[in-house]
Amino acid sequence: MDEQKQHEKFMRMAIKLSEQNVLQSLGGPFGAVIVKDGKVIGKSANKVVTSNDPTAHAEVAAIRLACKKINSFDLSGSVVYTSCEPCPMCLGALYWSRVDAIYFGNTKQDAAAINFDDKFIYDELDKPMDKRELTIKQMLRDEAQEAFKLWEKSTMNIDYQ
């Protein structure tokens with residue numbers, strides 16, 4: 001199968017997950033599939049409402065399943081197919097997981113048109129902390145630094161950026 005057909009196959013999988021999710025009343029219209037070496041290693045749909053978990057977006061859930069399956073937090077060499085352009089949280093998680101590429105169906109503007117609008121988050125990130133809607137204040141930095149000092153000496157200290 002040529003590369004374009006392969007991409008279309010996995011994108012259709014993500015789209016089908018998003019459709020089934022709505023039809024089965026399981027959550028929002030979002031699906032994601034993670035593929036490595038031509039094989040699906042994680043797939044999920046949005047489960048925010050049914051799990052009462054605001055982080056249970058399709059991409060985050062698929063990342064969790066993929067990482068568990070390959071027993072690693074590093075998804076290098078993987079490709080993500082998602083029914084919609086990732087929100088800021090999912091995009092951050094995908095960067096942290098080190099995927100090689102993201103293919104998406106609907107745009108963030110398409111999502112906004114059905115009341116899944118992330119623009120306010122992007123706008124908030126551009127503002128100084130003291131001008132944001134959510135109160136964000138730094139405190140007890142010296143005490144918080146102790147954990148960082150411990151981490152620097154820890155045998156668990158591996159580079160996972």
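Let me start with a word I'll lean on a lot: a residue is buried when its relative accessible area is under 20%, exposed when that area is over 50%, and partly exposed in between, using a 1.4 Å probe and protein chains only. One more term while we're at it: helices (H or I, at least four residues) and strands (E, at least two) are DSSP runs, numbered from the N terminus.

Now, where does all this come from? It's a predicted model, where local features need pLDDT of at least 70 and side-chain atom pairs count only at pLDDT 80 or more, while totals for chains, interfaces and linings use all residues. Residues are numbered from 1 along each chain as its sequence is written, and side-chain values use heavy atoms, with hydrogens and water left out.

Okay, the overview. The chain has seven helices and four strands, and from the N terminus the elements go α-β-β-α-α-β-α-β-α-α-α. There are 161 residues, and 28% of them count as buried. Put a box around the C-alpha atoms along the principal axes and you get roughly 55 × 40 × 25 Å. The chain exposes about 11,100 Å², with 56% of that supplied by carbon and sulfur atoms; those accessible areas come from the Shrake-Rupley method with a 1.4 Å probe, and for residues only the protein chains shown count as cover.

Next, the sheet. Strands of a sheet pair through backbone hydrogen bonds, either parallel or antiparallel. For our purposes, two strands pair if DSSP finds at least two bridges between them. Here four strands make an open sheet, in the order β2-β1-β3-β4, with mixed pairing. At the edges sit β2 (39-45) and β4 (101-106), each pairing on one side only. From one strand to the next, the twist averages 15°.

So how do the strands pair up? Strand β1 (residues 31-36) and β2 run antiparallel, joined by six bridges. If you want a spot to look at, find Ile34, which stands opposite Gly42 in β2. On to β1 and β3: these run antiparallel too, over five bridges, and there Lys36 stands opposite Ser78 in β3. Then β3 and β4 pair in the parallel sense, over five bridges, with Cys84 opposite Asn106 in β4.

Let's stay with β3 for a moment. How many of its seven residues are buried? Seven of the seven, so β3 is largely enclosed by the rest of the structure. Take Val80, which is in strand β3 and is buried, with a relative accessible area of 1%. Which residues does Val80 touch, leaving aside neighbours within four places in sequence? Counting contact as heavy atoms within 4.5 Å, Val80 meets Val33, Ile34, Leu94, Val99, Ala101, Ile102 and Tyr103.

Now follow the chain onward: β3, α4 and β4 make a right-handed β-α-β unit. Right-handed here is about the crossover: with the strands pointing away from the viewer, the path from the first strand over the helix to the second runs clockwise. In helix α4 (residues 88-97), the buried residues are Pro88, Cys90, Leu94 and Ser97. An α-helix has 3.6 residues a turn, so residues three or four places apart point the same way. What covers the buried residues of α4 includes α3, β3, β4 and α6 (119-126). Right after α4 comes Arg98, with a positive phi near 70°.

There's another helix to spot: α3 (residues 58-70) packs on the sheet and touches β1, β2 and β3 (78-84), and its direction makes about 145° with that of β2. Axes are lines fitted to C-alpha atoms, for helices over the stretch in contact, and angles run from 0 to 180 degrees between N-to-C directions.

What about the cysteines? A disulfide is a pair of cysteine sulfur atoms within 2.5 Å, and the structure holds zero of them. Why is there no bond for Cys67? Its closest cysteine sulfur, in Cys90, is 14 Å from its own, too far for a bond. Cys90 isn't in a disulfide either: the nearest cysteine sulfur, that of Cys87, is 3.7 Å away. Cys67 is buried at 17% relative accessible area, and Cys90 counts as buried at 1% relative accessibility.

Last stop, the other end of the chain. His7 is in helix α1 (residues 3-23). Is His7 buried or exposed? At 13% relative accessibility, His7 counts as buried. Leaving aside neighbours within four places in sequence, His7 is in contact with Tyr81 and Tyr103.
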